[in-house]
Structures are given as C-alpha cells and as structure tokens.
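Visitor: Before we discuss any details, could you put the sequence and the model on the screen, and then take me through confidence, one lysine and the internal cavities?

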Amino acid sequence: MLKFVHRTLNQFINSQSLSGVVLALAALLALIVSNSPWSEAYVRFVELPGELRLGSDALLLSKSLLHWVNDLWMAVFFFLVGLEIKRELLDGELASRSQALLPVGAALGGMVAPALIYVAINAGNSVALRGWAIPAATDIAFALGILVLLGSRVPASLKVFLTAVAIIDDLGAILIIAFFYTDKLSLSALAAAGAGVLVLLALNRAKVMAISPYVAVGLVIWLFVYKSGIHATLAGVVTALAIPLSDGKGGSPLKAAEHALHPWVAFAVLPMFAFVNAGVSLQGVTPATLLQSVPMGITLGLLLGKAMGVFGASWLLIRFAGARLPAGAGWWQFFGVCLLCGVGFTMSLFIGALAFAGQDAAYETQLKLGVLCGSLLSGALGALMLLRSSSAVEAAKTPA
C-alpha cells in the first residue's frame, strides 16, 4: 500500500512539473503575440464568440472564447482540484491531524499575510481593494515544476509539503470565490443547483461507481450555478466531492478519474487558460506602472506575504504546537519552498478577473503585470535559495 501511495505521489508530482513547463510556455507565447504585429489577431481570437443552444431557437449562453475558457474549461480544472482535495483529506497527507497540522497552518498563514499586505498598500481605493485575495493562492503546477526541476537536491518531504499547501490554498481560493466574489443571486437557479447536488448525493449513497452519471449531473449543476450568479466553476468542485473514493473491491473511481483527467487539464485546459489570460500589451508600460498600488500590492503580496505567512505560521506550529519540519530538510531549504509558494499564476489571474470584472481596462493590465512580476520573482528567488542551501548541506556532508 505504501509503495502504491509513493508511486502515485511521484506520478502526480512529475505530471505537475511538466505541466508547469507547458503552462510557462503558453504564458510566454501570449506575452509575445500580444506585443507583436499579430496582437490584433490575438485579441480577435480571445474574443471569438461561441453559443450554446438547446434546440433550434432556445439560446442558453452566448460568450466569448475567453469567458468559455474561464467559466467552463476551468470548471474541469476545479473538478480535478476537488478530486485532489477529497483524496488528500481521506487518504493522503491531510488524512490525520498530525499530518495536516503543518501544511494547513502554513497555508492559512500564506493566505492571510499576502491579503493584509495588499490591503495595506491599496487602502483608500475601493475598486483596487476588490483584489485583496489575488496574491492569496499558490499555483501548484508552476511551483512544483520549479521544485522538481531542482531534482534530488531538494528532499522529497518538501515536495509533499508544497503539494499539500497548494491544495489547501486551492480550497481556500474556492471558498473565497464562493463567499466574496458573488454579487447577485438567483434563488430559483440556486435551488435547481441544490436539487442537482441532492442527485449527486443519491448517486453516491446508491454506490454508483461509474463516473459518467456524476459528470452528466455536474454539467446540469454547472448551468444552474452559472445562472444563479455564483461562479460556475464551483460546480466542478461539488461534483468531484461526490465521486466515491473506493468501490469496495480494491479500486478507486476517484483516483481513476483523477488519473484520466490530469493530462487533459495539464496540457489543454491550463495552457489554454494561460494563453487567453496572460496576454498583456506592454506598450506604454514604464517602471512607474509597476509602482502603482495594484501591481505593487500583488507583487509584494506574492513575494513577501506568501513567504512570511507560510514560514511564520510554520515556525510557530513547530515551536509551540508540536509540528515537525519536513524530514531531511533544513530551515533555509524550507524557507526556499516558502518563497516558491508565492508563485500564484493561475488562481491569482482567475481571482483577479473576478475582482475587476466590469472595471476600467487599466486594472486588467495592472493585475497581469503584478501576477507575472510577483510569480517570477518568487520562483527565481525560491529556486536560488534552494540551490544555495542544498549546496551548503552537501558541502557539510563532504569530509574535509
């Protein structure tokens, strides 16, 4: 059993690391194209219209490609996140109090500190304050990608710790979206979505092990959640939580779904999200632009807030609550991983799009600049810290 868990974790980490590379390439391509002679073609591509119809006359939804990706494609990503959260809570690193104490506390500290820094910098600007949660989440694909590229110089326990923190971060981001980025509610649509959730529970209680019925009901829930005013991607999480972990015969529908979905999310959903969201024109951007309160709040929130929050909460738990530093890791290596938690790309852009929806286009540019700068700096400094601390550890082990 332990060998299976270890093998599954290694497969998960390796898939996430390669996903991080593809994600970075997609974001880089978006930046290049949006600042090239093909910039207008890029804008037209992002704004391509798409319609969802039932029958010949019943128009349900008409949205641009950008919104289809952010509302429907990302629901698939959130479905995968929901599967990961359930697996970790029932059969993973968060299954017991002793295992969960350090990553849960670290993740909470890593969400509060960046938000406080952002709020302090943007105090007095009511529109900018809507983005308080932007620097609160970690991008698991990017962060793990950097960590895995460093190879055996980083203890495996730190990879497990970072995975757990990022998954809890995602759960926190889901709750933030549900409670703070929902402006208007349609009670009738919400009631219909609730009825769909009851159907999911009934399927689970009836021990239905096939995935397709859950997905079919989940799509209906997605539509009603969208109509309700709550962000539709949350339907993906709700659907995932209903998938059974075990079929009672040694198999796991949840793990099978997670394994089947990973390549699609890693190499289709997330790269497409990065490509349609990361494009930002740098024309007219100066150092003064980066010093505006929104990009400065995001950059410092990701770079300083994440590291301080994750490290500070972890130190307190280790010092006073009996938590332990990940096996084989030193404090400087641990701090390097805390810096990597500031790579917030995917979820930060996603929350930012919700926060500044309908606002001046300048906020969109500032959002993207802040997320890109904060994530790049956190990733670079975290990798450098891990390289230097790992070299020091190896030198100390070498006989004189």
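Guide: A word on the confidence score comes before the values: pLDDT is the predictor's confidence in each residue, on a scale from 0 to 100. The model shown here is predicted.

Visitor: What is the mean pLDDT of the protein chain?

Guide: Of the residues in the protein chain, 92% reach a pLDDT of 70 or more. Among its elements, the mean is lowest in helix α1 (residues 2-33), at 69, and highest in helix α12 (residues 293-320), at 96. For the protein chain, the mean pLDDT is 86.

Visitor: Does K368 count as buried or exposed?

Guide: K368 belongs to helix α15 (residues 361-397). Since the cut-off for buried is under 20% relative accessible area, and K368 has a relative accessibility of 7%, K368 counts as buried.

Visitor: Which backbone oxygen lies 2.8 Å from a polar atom of the side chain of K368?

Guide: Leaving aside neighbours within four places in sequence, K368 is in contact with N277, A278, G279, V280 and L349. The side chain of K368 reaches the backbone oxygen of N277 at 3.0 Å, whereas the one found at 2.8 Å is the backbone oxygen of G279.

Visitor: Which elements give two or more residues to the lining of the second largest cavity?

Guide: Searching the whole structure gives 2 cavities of 30 Å³ or more, and the second largest has a volume of about 50 Å³. Its lining consists of F77, T138, D139, I140, A141, D170, L270, T346 and M347. The elements that contribute two or more of these residues are α5 (140-149) and α14 (345-355).

Definitions and conventions. Residues are numbered from 1 along each chain as its sequence is written. This is a predicted model: local features need pLDDT of at least 70, side-chain atom pairs count only at pLDDT 80 or more; totals for chains, interfaces and linings use all residues. Side-chain values use heavy atoms; hydrogens and water are left out. On a 1 Å grid over the protein atoms alone, a cavity is a set of points where a 1.4 Å probe fits but cannot get out, and a pocket is an open set with protein on both sides within 12 Å along at least five of seven lines; lining residues have an atom within 4 Å of a point. Grid points are joined across faces, edges and corners, and a volume is the space filled by probe spheres set on the points. Helices (H or I, at least four residues) and strands (E, at least two) are DSSP runs, numbered from the N terminus. Buried means under 20% relative accessible area, exposed over 50%, partly exposed in between (1.4 Å probe, protein chains only). A polar contact is a pair of N or O atoms within 3.5 Å; within protein, one must be able to donate a hydrogen and the other to accept it, and residues adjacent in sequence count only if both atoms are side-chain atoms. Contact means heavy atoms within 4.5 Å.
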